[in-house]
Structure formats: C-alpha cells, structure tokens
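Some terms in structural description rest on a cut-off. The questions here ask what stands behind such terms.

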Amino acid sequence: MGMSWGYSSAERDDAESAAVIRRAIDLGVTLIDTADVYGPFTNEELVGRALAGRRDEVVLATKCGLVVDATTRTMGRDGSPEHVREACDASLRRLGTEVVDLYQLHRVDEGCRVEETWGAMAGLV
C-alpha cells in the first residue's frame, strides 16, 4: 500500500517500488498482498508489472469491499455481490493475471448481508 498511497505525500517511484518487490521475491518473499483501494487502483497495477514473468513464484492476495469516492476521496463500503464480482474482474485486469490466490473482503458492509458477500466470493472460486 505504501508504495502507491497512504503513508507519505512523497512522489511515488514505481520503478524503484517494482524493483523492491522483485528483490523481495529473490530473497524468498512468497506472499504479495494488495487491494483495489490502494491508490486507488494504482497499487494493483504496480504489483502486476512487478510480477510480470514471476507470477508463479508467489501467493498473490488482493481485497475488495472498500470504495473511494473520486471527488471527495472519502471511503465507503460495498459488499454487494455485484460489486464483489466487478471488483474481482477489475483487479485481475490490473494485476495482469487470470487468478488471485487469496481474495479478501477488506471491511464488512453493514448495509449488505455478509452471507451475500461471501456467497459472491465463493462463486468466484
């Protein structure tokens, strides 16, 4: 997350961040975790570029369920089955892969029955 958003106002260096991810894999890191909300969206794109040609070396995790309003930059939650499916498809495109190994719900949406959210996630398997 910190490579794209969240911890600093410093300008991002995607080339250096991708090099760090690749070096981490060289050193034995096997779990890469991201989320669609990081950036938003830019972290998954960064991770996808960094994993090009090395996807089979890691367990790749991403998350859905948090949404950012583009205008106000405020966060909300969306655990609706429609959002889960759309978010997963978008994450796969940004990550440049056909499969993620772990798909997580970032936060429970209190406006949606969690069984519906999990049902949609189970349907992605």
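The questions and answers below concern a predicted model.

Q: What makes up the protein in terms of helices and strands?
A: The protein has 4 helices and 5 strands. Read from the N terminus, the elements run α-β-α-β-β-β-α-β-α.

Q: Why is the protein called as compact as a globular protein of that length?
A: The radius of gyration is 15 Å, and the globule rule gives 14 Å for 125 residues. The two values are close, so the protein is as compact as a globular protein of that length. The C-alpha trace spans about 40 × 35 × 20 Å along the principal axes.

Q: What share of the contacts in the protein with a separation of 6 or more comes from residues 24 or more positions apart?
A: Such residues account for 72% of those contacts.

Q: Why are H1 and H2 called oblique to each other?
A: Helix H1 (residues 14-26) and helix H2 (residues 42-50) pack at an angle of about 55 degrees. Angles under 35 degrees count as roughly parallel, and the roughly perpendicular range is 65 to 115. The value for H1 and H2 falls in neither class, and the pair is therefore oblique. Their axes are 9 Å apart, and the crossing is right-handed.

Q: Which residues make the contact of H1 with H2?
A: H1 contributes Asp14, Ser17, Ala18, Ile21 and Arg22, while H2 contributes Leu46, Val47, Arg49 and Ala50. By class, this contact has 5 nonpolar, 1 polar and 3 charged residues.

Q: What makes H2 a mostly covered helix?
A: Of the 9 residues of H2, 7 are buried. These are Thr42, Asn43, Glu44, Leu46, Val47, Gly48 and Ala50. For the protein of 125 residues, the share that counts as buried is 42%.

Q: Which elements do the buried residues of H2 pack against?
A: They pack against H1, strand S1 (31-33), strand S2 (59-64) and helix H3 (81-95).

Q: Why does threonine 42 count as buried?
A: Threonine 42 lies in helix H2. Its relative accessibility is 19%, and buried means under 20%. The value is under that cut-off, so threonine 42 counts as buried.

Q: Which residues does threonine 42 touch, not counting those up to four places away in sequence?
A: Threonine 42 touches Ser4 and Arg12.

Terms used
Residues are numbered from 1 along each chain as its sequence is written. This is a predicted model: local features need pLDDT of at least 70, side-chain atom pairs count only at pLDDT 80 or more; totals for chains, interfaces and linings use all residues. Side-chain values use heavy atoms; hydrogens and water are left out. Axes are lines fitted to C-alpha atoms, for helices over the stretch in contact, and angles run from 0 to 180 degrees between N-to-C directions. Helices (H or I, at least four residues) and strands (E, at least two) are DSSP runs, numbered from the N terminus. Angles under 35 degrees count as roughly parallel, over 145 as roughly antiparallel, 65 to 115 as roughly perpendicular and the rest as oblique. A crossing is left-handed if the near helix is turned anticlockwise from the far one by less than a right angle, and right-handed if clockwise. Contact means heavy atoms within 4.5 Å. Ala, Val, Leu, Ile, Met, Phe, Trp, Tyr, Cys and Pro count as nonpolar, Asp, Glu, Lys and Arg as charged, and the others, Gly among them, as polar. The radius of gyration is taken over C-alpha atoms; the globule rule is 2.2 Å times the number of residues to the power 0.38. Buried means under 20% relative accessible area, exposed over 50%, partly exposed in between (1.4 Å probe, protein chains only).
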